[in-house]
Amino acid sequence: MSQKSALSALDRAAVPTDGRFGARVKERLRHVLWAVGITLVMTAVFLLEPVDQFIWLFQSKIAGHKPSGDIVFVSVDEPINDPVFGHRRVRLANALRELDRRGVGKVYIDIAFEEESSPAFDEPLSEAIALLGPRVVVVDQLFHDAQGKQKIERTVPELAGQATRVISDKQNSDLFDVRWVSDFAIVIGGKKMTTLGAALGGARNATASRFQIDYGFGSKEIDSLPMSDLVTLGGKLSDDIDLAGKSVVIGYDRQNAGSSLRIPNSSNAPASYVEIYAAESLKANRLSYLGPVPSMLFCALALALVILLGRTRKRRWIGYTALVVTFFASLIVAARIGIRMESSYALGLLGVYASYRLWTRWKRRVAHFNQDTGLPTLKALEARLIRLGTSSGFVVVAKVHNYEHILKTLKVEDRSKYLLKLVDRFRAADPNLAIFSDSHYLAWHSPIENADALQEHLSGLRAIFASPVNVGGNSVDVGITFGAVAIEGDPINRVPAATAAVEETNEALEPIRIAESASHSDMLWDISLRARIDAAMEAGEIYCLYQPKIDRASGSIAGVEALVRWHDPARGFIEPLHFVQQCEKAGRMEHLTRYVLQSACSAGQLLHFRGTMIKMSVNISATLLGDMRIVGIVRNILQATRFDPRFLVLEVTETSRIADLSTAAAILSELRALGLNVSIDDFGMGAANFETFFALPFDELKIDRLFVSNMLKDPKARAIVSSLVAMGREARITIVAEGVETPEEVEILNEIGCDELQGYVFSRPISLSKLLEFNENREEARKANMV
């Protein structure tokens, strides 16, 4: 099967069978719920507010409403309230008289005259205002300074006389400098003053405090004329616009200093237009508002309906497209009928859901393909077996031995070539064989149904690998062993079972292992695993290995980490993570910790007796940091073994399981009071974060291997390691880099100044006797280098 065919098969596997449809539906519905939650959080911190206002700008542009025609704007193109230019007030007075002559309904002077000028100029204006009587309204101006304090500009009583006063807020704007809502009234000095927009719109007995401003009216359709058309030299008057019975607003023709008010679709509209739009909104009763929650809930329900009904990808995509089209169509319809919608919730929901789905598809594709070789992974093999309903044959997994050492030896560009050459050899007999790969495992489905025939076939394959592989001009020996399991009607869990089988192989003694009833055996083992743990400790099947930690400055061993292992006579090596999790589930973690701590402290005491004064690190599960009993356990073991507590380090693992940081801090403080040190393990991953580091009394920090292993290829990883080392230096704590596997990583960590290094480049976990030998050899080598 070609690589292209494998890719095609995996793409088809994206369409779930009936058995998997329910799981995929639940996954998508869960993504909808997550999208709702994330959208609510984004809204709570106002991340979506700009989106709403951008949508409102769009709606304003397409609305196409007609203004009432009852309001006329008279623009003033020069400062007329400056007392230095008092003669200009006479022009305003003449304009007011002309408006009176034309039978104007009401005149709103949206300019504040804070200072008097010469009586020769002020008297004509005050007389013109008095002439209009109740038909003239003086507009006070409300501004806000940099500290948010109110500043009021008022026309002096000498000019305003008994004229009615309203207020115009010149600074109450949102993003994009557009005010989307207006007050009916504003309290100034304890007195409620009607706003200019409410007065113009004829608002009476408003029950709400604010109302929406609809900018869907075309600004060019609002009647306007310059004041110079009302008043010309020589007193000649123009009769172009019918002003009888209309409301006239007199204001500056562009943004005046200190005002940031704008309107959509116009970059330099007069500030008075905001109040005019507010009035037109009231007159047209275009005040409807659809909140964010209804639109989001409708969108979530529609998504859920598409998911439930869309059994195929084609149906779902049709549903998604229809939903998006409906969303944008609703914006247009709402703009036309004058309903303002807060649509960012719905749009955010769609965006977050789409991101989840893209992320999930990307994860699946990444999980199904090896990024270096382009080969499909073991997960892809399992998915393929289930999709095709394969019920016969064997799943075969080949293990490449000494793989890590080979990778460290080869150049980066030759590593994938090495694996691909192995694949070519597997395909020597069948060029179309579909090979699946994960790290040092290569797997495939064999149609052979007889175990003896498969054994013979695999023996022949091993013979093919007798000769070395040539990569990058180097001859590399190949060690291959095979594990296989019969499918026997049910392909589920057959790949893990074959992997477990190959882990039990040995190049010399048992290169091929065909598991019998692997899945059933695994289930029986797991059922009885918890009961076996105590017996394994009694029999010495659970034991400790020790991995050295090297002091960067001296090159000597600074300490060792005690790592628990389990070798069962029947099952072989049991993964530590597996049986530790079983201990936690069974409530046996305290017992296991006591056992490991006893073994480690006894080993530490022996090392000290032999003259090797190094620290002993022991992992302690975070699940134990909720009860003071752990303090008693550690104290008793230190007394029993007579191990110096100054040389004991407790490494706290899985900090995500700390339920109460304050309780954990108290327990760790009691432990430190015994004289030992406390370390935080796997820092930078999951909940082993700065909050935990800050809250708990740690003396040591272990940088997770993820960052150490990526230092060479990712500057971010190196920057993270450098910053953690610098932080440790400032905080006066020891920094340990774990997972160090190459000399290049050692060189970088030496340059950075990391205190201690731990990893395969120095030593794998070894027995106590080999640790003593390792220490002697290292000390001899160090002294020789000094000489």
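The following exchange examines how several descriptions of this predicted model are justified.

Reader: What makes the contact between Arg165 and Asp140 a salt bridge?

Author: The closest N and O atoms of Arg165 and Asp140 are 2.9 Å apart. A salt bridge requires a side-chain nitrogen of Lys or Arg within 4 Å of a carboxyl oxygen of Asp or Glu, and therefore the pair qualifies. Arg165 lies in strand S5 and Asp140 in strand S3, 25 residues apart, so that the pair links distant parts of the chain.

Reader: Why is Asp140 called buried, and why is Arg165 called partly exposed?

Author: Buried means under 20% relative accessible area, and partly exposed covers values between that limit and 50%. Asp140 is called buried because its relative accessible area is 1%. Arg165 counts as partly exposed because its value is 27%.

Reader: How do you know that Glu700 and Lys549 form a salt bridge?

Author: The N to O distance between their side chains is 3.5 Å, and the cut-off is 4 Å, so the criterion is met. Glu700 belongs to strand S27 and Lys549 to strand S21, with their positions 151 residues apart in the numbering.

Reader: Are Glu700 and Lys549 buried or exposed?

Author: Glu700 has a relative accessible area of 2% and is therefore buried. Lys549 is at 0% and also counts as buried, because the limit is under 20%.

Reader: Which residues are joined with Lys549 and Glu700 into one network?

Author: Salt bridges with shared partners connect these two residues to Glu561, Lys615, Glu651, Lys702, Glu738 and Glu756. The whole structure contains 30 salt bridges.

Reader: What makes Arg718 and Glu751 a salt-bridged pair, and why do their exposure classes have separate names?

Author: Their side chains meet at 3.1 Å, N to O, which is within the 4 Å cut-off and therefore satisfies the definition. Arg718, in helix H24, and Glu751, in helix H25, are 33 residues apart. Arg718 is partly exposed because its relative accessible area is 32%. Glu751 is at 53%, and it is called exposed because that class begins over 50%.

Reader: What makes Arg642 notable in its backbone?

Author: Arg642 has a positive phi of about 60° although it is not a glycine. Most residues other than glycine have a negative phi. Arg642 sits in the loop between helix H20 and strand S25, and it counts as exposed because its relative accessibility is 71%.

Reader: Where is Arg732 found, and why is it called exposed?

Author: Arg732 is in the loop between helix H24 and strand S28. It is called exposed because its relative accessible area is 79%, and its phi is positive, at about 60°.

Reader: Why are S15 and S20 called edge strands?

Author: The sheet is open, with its five strands in the order S15-S16-S14-S19-S20 and mixed pairing. S15 and S20 are the edge strands, as each pairs on one side only.

Reader: How do you know that S15 and S16 are paired?

Author: They are connected in the antiparallel sense over three bridges, and pairing requires at least two, so the two strands count as paired. Phe436 stands opposite Ala443 in S16.

Reader: Which helices lie across strands of this sheet?

Author: Helix H14 lies across S14, S15, S16 and S19, running at about 25° to S16. Helix H16 lies across S14, S16, S19 and S20, running at about 140° to S19.

Methods:
Residues numbered from 1 in each chain as written. Predicted model: local features only at pLDDT ≥ 70, side-chain atom pairs only at ≥ 80, totals over all residues. Heavy atoms only, no water. Helix = DSSP H or I, 4+ residues; strand = E, 2+ residues; numbered from the N terminus. Contact = heavy atoms within 4.5 Å. Axes fitted to C-alpha atoms, helices over the stretch in contact; angles between N-to-C directions. Buried < 20%, exposed > 50% of the residue type's maximum accessible area, 1.4 Å probe, protein only.
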